[in-house]
Amino acid sequence: MDVLSLRPLFKPTDPICGVQFKHNSCVDVSTKGTARPQQLTLTHQPFDEIPERDSYAWNALMRAHLKSGELHSVCSTYCQMILGGASPDKHTLPRVIDASQMTGGVSFGKQVHGHAVKFGFSGDEYVITSLMQMYGRLESVDTARWLLMKSVYFENSVHWTVLAKMYILENKPRKAMEVFKKMMELGVKVDSVALATALAACGMLRSLHEGKKVHKMAQKCNLNSDVLVSNSLLKMYMECGSLKDARAVFDAVADKDVISWTEIIRGYVKNGEFNEALKLFRQMNFCGLKPDSVSVAAVLPACARTTAHKQGKEIHGYLIRSMIDMSFTVLNAIMDMYIKSGYIDYAFTIFEGTQKDVVSWTVMISGLSLHGQGDRAVSLFRELEKTEIQTDHVLYAAVLHACFTSGMVNEGKQYFTRIESPRVTHCALIVALLTRSGLLDEAKLFIKERNHERYPEVIRALLAGCTIHRHAQEEKRLVETLCELEPLNPDNYMLLSNWYACNFKDEMVEQVRETIRDMGLRTKRAHSWIVLRNKVHVFETGDIYHPKSEIIYHVLEELWDRTERECLAPNFSYTLHDVDEERQCVPIKHSELLAITLGIISTQEGATIRVTKNQRVCRNCHEAAKVISNMVGREIILKDPKCFHHFKDGICSCGEFW
């Protein structure tokens, strides 16, 4: 390495950082950006009026350039300083090194390193820190480590922490932990920043064991109550999946800041405990802490449910009243909240009235598709193509799903060819699109050509098409393949059991159930819920425990009789479902129909009924909901894990494909 060689000082004609310097002016000859003559920033009148400019004056000018982001001006000012005969000091060099780092000028930075050696500042801790950051960013972290090992500040915790942070930035958390452990071995005194850095590495590694070791170290150093350390502990425990430990840390912190509340709220949202997240958000406000855009973005996913849309609207209103900065992250979270709580028109109004990034377009396109408006989503994608926003693999997945929901086979194929290195998700969507349109042979050929026969996501897409078009034998083969690929997924065995049931093979049904019991697998139970007057009403299959059960079944039976009299009875000739208890009882007892009926008898005539189900709605209930919506003159919005079904006038928005 030649960085420590004593190079001669710059000459007037030396090209430094893309700038060739003369005494009074310079011309930018960098290939990055537009070449144009520049007037040196030494024309500042106060500076020009100083008769004898010492290092303090030069440093002040460079500090001003650095603060305003004029990085090349920092480098040119330094060169002019040297040419003028002034000597740099320990405050000069870190600024120049930082500027060279941010401009990517490693060659210039190495020359400044040589100056640090020549002028006797190579051992200054601020100079070493700047050099480590420059080499770590522009060459490698190993070079920065070499520099630290050669320095006299070998036991300085700041330098070790800088090194660990650089490994984290390079996505090498294991290396960062090695640095932290080396600090411990050498007896380097750790501070809160060092502990926070180590905890970040533990979180990236998802290592609860290592994280608890660092936690003990924080307790030993009496730093566990430090705000930075406690917030880092919160984040680490949540990333390692230990919400219990995270809550213990949170409860022990006396002076919680907005970051503390935001992290714990995000943890509960991530773990699906939405009610607790909303409860904490309200407590945060009660404690007098004003939520910022980050904390609002963290809690909004908890409102992205039909049961919590009211809270979502309240938070949106709070944002507007408080005039909190509406960043892309917040706006996108608000749109996603409205979409997933069933208010697609609200989301589209926000989308039309704001600036958009690639996430905004993705959220809106996938949202429209989720609500069965695939053709509208594809039209929106065509509008996007006229902008300068770059598409990514997530956006392409959204538009492929829109093509699926709208049956646009040619468009889907066209968009698929544009994807660089398509992922399994993209391939599964193409298979779903082809099978929906009855192109099963083409879908099978596509799977074979891409060697995707062993991907469950792709197999499920093919299975859905076989179910739609009633290819029973192929359906059985695919379900058996899923059982082989995912032997611990009980849903696959339920599909197999129900296939046997649909084909009148009762002895095989019992055999599959016995297999499930022997393997200790637990099948999901279906339930549906509806919100009425701020109260959530939950129903299971065949539920008789609701206070209004008697009138619910009475009204539902009347509706059923009416459908038969008017020849509108749904067709139940074929179904394949993964919920066992629903197959065993008549559709009139299914949870979604019970919730819909409660909505009919508990709301005003003409009001929209909104129901959510935790499992995919069965085809029997899907048919029944269409008929009921036509009979009662209501729009029924039924959300299942696949999509929103908007039933109106006897038609469903999903187009019978979900």
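W529 has T612 as its bridge partner in strand β7. The model is predicted. That bridge belongs to the pairing of β5 (residues 527-532) with β7, which is antiparallel and spans 3 bridges.

**Around β7**

On β7 there is a second pairing. Strand β8 (residues 636-639) runs parallel to β7, and 4 bridges join them. One pair of facing residues is R610 and I637, the latter in β8. Between these two strands the chain passes through helix α33 (residues 619-632); β7, α33 and β8 form a right-handed β-α-β unit. Strand β7 covers residues 609-613, and 4 of its 5 residues are buried, so the rest of the structure largely encloses it.

**The whole chain**

The protein has 33 helices and 10 strands. Of its 658 residues, 51% are buried. The exposed surface is about 31900 Å², with 51% of it from carbon and sulfur atoms. Among contacts with a separation of 6 or more, 63% link residues 24 or more positions apart.

**Annotated repeats**

The unreviewed UniProt entry places the feature "repeat: PPR" at residues 54-88, 156-190, 257-291 and 357-391. In the model, residues 156-190 are 77% helix and 0% strand, with end C-alpha atoms 9 Å apart. Residues 357-391 are 69% helix and 0% strand, and their end C-alpha atoms lie 10 Å apart.

**Salt bridges**

The whole structure holds 21 salt bridges. Three of them are listed here.

| Pair | Closest N and O atoms |
|---|---|
| E263 and R266 | 3.4 Å |
| E411 and R382 | 3.8 Å |
| R513 and E510 | 4.0 Å |

E263 and R266 sit 3 residues apart in helix α14 (residues 258-270), about one turn of the helix. E263 counts as buried because its relative accessibility is 12%, under the 20% limit. R266, at 34%, counts as partly exposed.

R513 and E510 are likewise 3 residues apart, about one turn, in helix α29 (residues 506-518). E510 is partly exposed, with a relative accessible area of 36%.

What does the salt bridge between E411 and R382 tie together? E411 lies in helix α23 (residues 409-417) and R382 in helix α21 (residues 374-384), so the pair connects parts 29 residues apart in sequence. E411 is partly exposed at 23% relative accessibility. R382 is also partly exposed, at 37%.

Salt bridges also link R247, D251 and E276 in a network.

Notes:
Residues numbered from 1 in each chain as written. Predicted model: local features only at pLDDT ≥ 70, side-chain atom pairs only at ≥ 80, totals over all residues. Heavy atoms only, no water. UniProt positions renumbered as here; feature names shortened; annotations may be inferred. Buried < 20%, exposed > 50% of the residue type's maximum accessible area, 1.4 Å probe, protein only. Pairing = 2+ DSSP bridges. Right-handed = clockwise from strand over helix to strand, strands pointing away. Contact = heavy atoms within 4.5 Å. Areas by Shrake-Rupley, 256 points an atom, 1.4 Å probe, with all protein chains shown as cover. Salt bridge = Lys/Arg side-chain N within 4 Å of Asp/Glu carboxyl O.
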